[in-house]
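Subject: Structure for you to look at

Hello,

Here is the structure you were waiting for. Please open it alongside this message, as the notes refer to individual residues.

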Amino acid sequence: MKTPVTILLILTWMVAGLIPCASAVPALTPPGDTITVLPGWPITREGQNERGGIYCNLDNDADLEIVYTIGNFVYAFNMSGTEVAGWPVELNYPTDGVAAYGDIDGDGKGEVVVTTHQPSSYNDGKVYAFER
């Protein structure tokens, strides 16, 4: 039975207080902290997630996108909560942990990297790298 996963996007500030940082986190608010839930959030999708999401710039605009793995899918969301064109991507098995993002082929553009595992035995899985 699939359990829905709800992603709540909040706007936080890094320790220096100078750089805005988008974080995909559970809906928890530490005492005394003020958070702002962005329009279009939370988002609910069916499936399980083991770790959380990442933020990266998939389309070279001024806004970051959120990449989140749930079940056999990799989702990419705009800051507005809408899905990025071309996403989600369905995989052969459930994902392991959180996705990674970086320029792994030296072309100056980042790729999204995820791993999967066979649910019953963990004897099989794949590593996927997706161009933006």
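What follows is a summary of what was found, from the overall fold down to single residues.

The model is a predicted one, so please read the values as computed from it.

Overall make-up

The protein has eleven strands and zero helices. Read from the N terminus, its elements are therefore β-β-β-β-β-β-β-β-β-β-β. Of its 132 residues, 36% count as buried. Taking contacts between residues at least 6 apart in sequence, 45% of them join residues at least 24 apart. The exposed area comes to about 7,700 Å², with carbon and sulfur atoms supplying 56% of it.

The sheet

Four of the strands make an open sheet, in the order β5-β6-β7-β8, with antiparallel pairing. The edges are taken by β5 (53-56) and β8; each has a single partner strand, so one side of each has no neighbour in the sheet. In general, strands of a sheet pair through backbone hydrogen bonds, in either a parallel or an antiparallel sense. Within this sheet, β6 (residues 65-70) and β7 are joined by five bridges in the antiparallel sense. One residue pair to look at is I66 and its bridge partner in β7, F77.

E65

Strand β6 also holds E65. Is this residue buried or exposed? E65 has a relative accessible area of 1%, so it counts as buried. Its side chain reaches the backbone nitrogen of L58 at 2.6 Å. Leaving aside residues up to four places away in sequence, E65 touches I54, Y55, C56, N57, L58, D59, F77, N78 and V84. F77 thus appears twice in these notes: as a contact of E65 and as the bridge partner of I66.

The salt bridge

How many salt bridges does a search of the whole structure find? It finds one. The partners are E83 and R45, whose closest N and O atoms are 3.0 Å apart. This pair links distant parts of the chain: E83 is in the loop between β7 (73-77) and β8 (89-90), while R45 is in strand β4 (residues 43-46), and 38 residues separate them. As background, side chains of opposite charge can pair when their charged atoms come close. Neither partner counts as buried, because the cut-off for that is under 20% relative accessible area: E83 is partly exposed at 34%, and R45 is partly exposed at 22%.

Backbone points to check

Most peptide bonds are trans, and most residues other than glycine have a negative phi. Three places in this model are listed here with that in mind.

- W41 and P42 are joined by a cis peptide bond, with omega about 5°. P42 sits in the loop between β3 (36-37) and β4.
- The peptide bond from W87 to P88 is cis, with omega near 10°. P88 belongs to the loop between β7 and β8, the loop that also contains E83 of the salt bridge.
- N60 is a residue other than glycine with a positive phi, near 60°. N60 is in the loop between β5 and β6 and counts as exposed, at 60% relative accessibility.

Regards

Terms used:
Residues are numbered from 1 along each chain as its sequence is written. This is a predicted model: local features need pLDDT of at least 70, side-chain atom pairs count only at pLDDT 80 or more; totals for chains, interfaces and linings use all residues. Side-chain values use heavy atoms; hydrogens and water are left out. A salt bridge is a side-chain nitrogen of Lys or Arg within 4 Å of a carboxyl oxygen of Asp or Glu. Helices (H or I, at least four residues) and strands (E, at least two) are DSSP runs, numbered from the N terminus. Buried means under 20% relative accessible area, exposed over 50%, partly exposed in between (1.4 Å probe, protein chains only). Two strands pair if DSSP finds at least two bridges between them. A polar contact is a pair of N or O atoms within 3.5 Å; within protein, one must be able to donate a hydrogen and the other to accept it, and residues adjacent in sequence count only if both atoms are side-chain atoms. Contact means heavy atoms within 4.5 Å. Accessible areas come from the Shrake-Rupley method with a 1.4 Å probe; for residues, only the protein chains shown count as cover.
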